[in-house]
Amino acid sequence: MLPYIRAGITHLAADIRSSALDMLQWAIECSGSALVSCSGGWVKTVKTILVMQGWPTETSTSAWSTGRVSLGVLGMDGKTTVKSLRAMESLLRAGLEDSLSEEDIQSSTWGWPLTHNSQHMISNRSNPYSHLNLFGNPPDEESQSYEDREDRQRVFQRQHQMAVEVGVEAARQEGGEIGRAAAAVQKVIRDGIKDLEACD
């Protein structure tokens, strides 16, 4: 279903783009963690929203040809821009923020003086040694599935963070509903990346 949503987001007709953004919002609400951890669900979906906004998708600074960032592709009205910023906020929240609840955190701590319990337990991941890529094909970052939040944080920080921050800052300066939606995206990025930056 996700490839069809991504195709709809980049469609030429504004109604189809709007409906595809609604579908993406619905999919994130229903199963956000499954959506961002499936194959191609994280990198390709973020890149698709960046393309829809008219922001560069590569990390090179030469991609910015003008002094002003465009807010959406030609023919995109303010409502669609706000809708796409809200979809980006939901996607980034599902991918970057920690999905553990307080009950999960409290149940994982023991009263006995053990430290680093999670490192000594059996992994929750389906393939804990996949990062070694011992028997697999060469990695394709776009189509790869990122089950861990930390993996998604690193990929986002390496590939998309600079372009998103510049574009969101330009959208925030527009003010109004677009500015509020951009500020919400900025807050999600700040909250989602802060613990990764603290570890590095």
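Let me begin with one side chain, Phe156, which has a relative accessible area of 0% and is therefore buried. Please keep in mind throughout that what we are looking at is a predicted model.

Phe156 has an aromatic partner, and the count of aromatic pairs here comes to one. The partner is Trp42: the two ring centres are 6.3 Å apart and the planes stand at 55°, so this pair is classed as tilted. Because Trp42 sits in the loop between helix 2 and helix 3 while Phe156 belongs to helix 7, the pair ties together parts of the chain that are 114 residues apart in sequence. Trp42, like its partner, counts as buried, in its case at 1% relative accessibility.

Let me step back to the fold around that pair. The protein has nine helices and zero strands, and of its 200 residues, 38% count as buried. If we take the contacts between residues at least 6 apart in sequence, 72% of them join residues at least 24 apart. As for the outside, the accessible surface comes to about 12,000 Å², with 53% of that belonging to carbon and sulfur atoms.

Now to the interior. In soluble globular proteins, nonpolar side chains tend to be buried together. Here the largest nonpolar core has 38 residues, and Trp42 and Phe156 are among those with the most contacts inside it, along with Leu24 and Leu92. At least two residues of this core come from each of helices 1, 2, 3, 4, 7, 8 and 9, and helix 4 gives the most, with eight residues.

Leu24 brings us to helix 2, where it is one of the buried residues, others including Leu21, Ile28 and Leu35. Leaving aside neighbours within four places in sequence, Leu24 is in contact with Leu2, Ile5, Ile9, Leu35, Thr45, Ile49 and Ala87. More broadly, the cover over the buried residues of helix 2 includes helix 1, helix 3, helix 4 and helix 7.

One last point concerns the course of helix 2 itself. How far does helix 2, residues 14–37, span between its end C-alpha atoms? The distance is only 28 Å, whereas a straight helix of 24 residues would span 34 Å at 1.5 Å a residue. Looking along helix 2, we find a bend of about 110° at Ser31, and I would suggest having that residue on the screen as we turn to discussion.

Conventions: Residues are numbered from 1 along each chain as its sequence is written. This is a predicted model: local features need pLDDT of at least 70, side-chain atom pairs count only at pLDDT 80 or more; totals for chains, interfaces and linings use all residues. Side-chain values use heavy atoms; hydrogens and water are left out. Helices (H or I, at least four residues) and strands (E, at least two) are DSSP runs, numbered from the N terminus. Buried means under 20% relative accessible area, exposed over 50%, partly exposed in between (1.4 Å probe, protein chains only). Contact means heavy atoms within 4.5 Å. Accessible areas come from the Shrake-Rupley method with a 1.4 Å probe; for residues, only the protein chains shown count as cover. The expected span of a helix is 1.5 Å times one less than its number of residues. The bend at a residue is the angle between axes fitted to the seven residues ending there and the seven starting there. Rings of Phe, Tyr and Trp (its six-membered ring) pair if their centres lie within 6.5 Å; planes under 30 degrees apart count as stacked, over 60 as edge-to-face and the rest as tilted. A nonpolar core is a set of buried Ala, Val, Leu, Ile, Met, Phe, Trp, Tyr and Cys residues joined through side-chain atoms within 4.5 Å.
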